[in-house]
Amino acid sequence: RGRLEKEMEWFGKNKVELLYIADSNFGWVEQDKVVAEGLVKIAEKYGYPKKVVLTWAKNANENCFEVAKILNAANLCYPITISYQSLDKVALENIQRSNITLERSKELRQRYLANNMATYTDLLLGIPGETFESFVNGIEQAISYGEHDQFQIYPIRILPNTDMARKEYIEEHEIETIWVPLQAKHGNFDDELIKEMEEMIVKTVSMSTADWKRMMEMTWFIQSFFCLKSAYFVCLFLNIHLKQRIVDFAQFFIERAKNRKPNNSCPLLFNEMNRVEDFLNSFLSGDPKVDFSDLDISQVRWPIEEVSFLKLSLHREEFYAELRLVVDEFIVSSGLNCDPEILNQVFDYQRARLVNLRGPVETNLKFDYNLPQFFQAAIKLNPIPLKSQSSRMQIIENYKYESLTDFAQYHVWYGRQGKSFYYNVACDEQIENDEGNHSELYTAIPTINT
């Protein structure tokens, strides 16, 4: 214990911003509570570390919950793991894995939400037996059972001395791989002659290389537009009010963004889709590179979804104008009926809530519908119907960033390790009493910053 205290003191004194705990089952034992309490004391004393990254025990017990509460109260907490790897029966059998039930996972998420703690779901891309259809269905299932915080979706790497590395297993599932430099998010670029390499699956008997690319595109959409929240409320509206699957809208969005017609009306989305395609092609060529030369950010290995999020956030109005065009086209193509004024107000809400480098787009909004309550209930996994109701919402600017570098590092990079994507809000609504009279009720909505 004395050695641990000295090490934690060293982290604080030397201003270690991001601390990674090398324990694949953190939170499982009582000692981890002592570590969490020690880190909180050091952070309070020195202002460092800013965030603690760790791998939670997969079968979270009561001790995990208590440890997470300690770190979360100090804004140091890394999202709690609710891992699936896959939601397809055949794929799970092929990796000899069983998951907790979806119902149990939703119960856990609701408990964490009640304490304002984030969760994340692990999915693996390319498990033998997984198809494109089962992969996207798994994402939709995870969302429908409450994963609104973060998805960590990884292309599978083959590790030595595992079943997947056996020659018989590779031949049975017709696995094809490529070797690429280690894909460590936010890792430093270097010019060393010897680089660490990893072997990645890009084809199986159930997944063509073209399917692998489509899965990676879907991963990009879910992580950038749903998890980083740039289209989160729009997706919730389509899903809850118009009964559309989020992955169906994502596929429509991706195909629309690929539109290469000369009169493309969505140039921002077209350019981001090109960035994604260039990244995937470089990946398959054995040297994955994300081009972020058009952004003045730190020279580290930024993941593609974060680069797209940053670029689009700098062009907020143009991005939401293009997104609205895609949503309108999706509604028409799906044969749906939706009042354009409702969509106008959904987009007003989306633009207003999302933290932006340039600050809030506006601070006072009026709605003809119960949109603040509708979306807050959806965030809490207890959706309510959308209805006509005069509502007002005030944006409270609880996050400010001085530069794109700070915004990228502290909001996007570190922000994904917590719950800091939204501005705080306060709302009032028109309430009708038993006598038929109307009165205003002012309600400060507690922030659930998923």
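Start with helix α16: its buried residues are L404, F407, A408, Q409, H411, V412 and W413. Buried here means under 20% relative accessible area, with exposed over 50% and partly exposed in between (1.4 Å probe, protein chains only). That makes seven of the 10 residues in α16 (residues 404-413), so this helix is largely enclosed by the rest of the structure. What does the covering of those buried residues include? Among the parts lying over them are β1 (18-20) and α12 (304-314). The helix and strand names come from DSSP runs (H or I of at least four residues for helices, E of at least two for strands), numbered from the N terminus.

**What you're looking at**

This is a predicted model, where local features need pLDDT of at least 70 and side-chain atom pairs count only at pLDDT 80 or more, while totals for chains, interfaces and linings use all residues. Residues are numbered from 1 along each chain as its sequence is written, and side-chain values use heavy atoms, leaving out hydrogens and water.

How sure is the predictor? Its confidence in each residue is the pLDDT, from 0 to 100. The protein chain averages 89, and 92% of the residues score at least 70. Confidence is highest in α12, at 98, and lowest in strand β12 (residues 438-443), at a mean of 36. Over residues 431-450 the pLDDT is below 50, and beyond near neighbours in sequence this stretch has 56 contacts in the model. A contact means heavy atoms within 4.5 Å.

**Charged pairs**

Side chains of opposite charge can pair when their charged atoms come close. A salt bridge is counted when a side-chain nitrogen of Lys or Arg is within 4 Å of a carboxyl oxygen of Asp or Glu. The whole structure has 25 salt bridges. Here are three of them:

| Pair | N to O distance | Where |
|---|---|---|
| K45 and E9 | 3.0 Å | K45 in α2 (residues 31-46), E9 in α1 (residues 2-13) |
| K311 and D294 | 3.4 Å | K311 in α12, D294 in the loop between α11 (267-284) and α12 |
| D328 and R324 | 3.0 Å | both in α13 (residues 316-333) |

K45 and E9 link distant parts of the chain, 36 residues apart. K45 counts as exposed, at 54% relative accessibility.

The K311 and D294 pair ties together parts that are 17 residues apart in sequence. K311 is buried, with a relative accessible area of 16%, while D294 is partly exposed at 36%.

D328 and R324 sit four residues apart, about one turn of the helix. R324 counts as buried at 16% relative accessibility, and D328 is partly exposed at 29%.

There's also a network of salt bridges linking K185, E305, E306 and R416.

**Two helices side by side**

How do α13 and α14 pack? Their angle is about 145 degrees and their axes are 11 Å apart, with α14 covering residues 340-353. The axes are lines fitted to C-alpha atoms over the stretch in contact, and angles run from 0 to 180 degrees between N-to-C directions. On the α13 side, the contact is made by E317, Y320, L323, R324, V327, D328 and I331. On the α14 side, P340, L343, N344, F347, Q350 and R351 make the contact. So both partners of the D328 and R324 salt bridge also take part in this contact.

**Near the start of the chain**

L4 is found in helix α1 and counts as partly exposed, at 25% relative accessibility. Not counting residues up to four places away in sequence, L4 touches Q31 and V35. The C-alpha atoms of L4 and G38 are separated by 8.6 Å, although these residues are 34 apart along the chain.

**Backbone oddities**

Most residues other than glycine have a negative phi, and most peptide bonds are trans. Where are the exceptions here? K15, for one, has a positive phi near 55 degrees. K15 lies in the loop between α1 and β1 and is exposed, with a relative accessible area of 55%. Phi of L381 is also positive, near 70 degrees. L381 lies in the loop between α15 (371-379) and β10 (388-396), but is buried at 7%.

Then there's a cis peptide bond joining Y48 and P49, with omega about 0 degrees. P49 is found in the loop between α2 and β2 (51-53).

Technical notes. pLDDT is the predictor's confidence in each residue, from 0 to 100.
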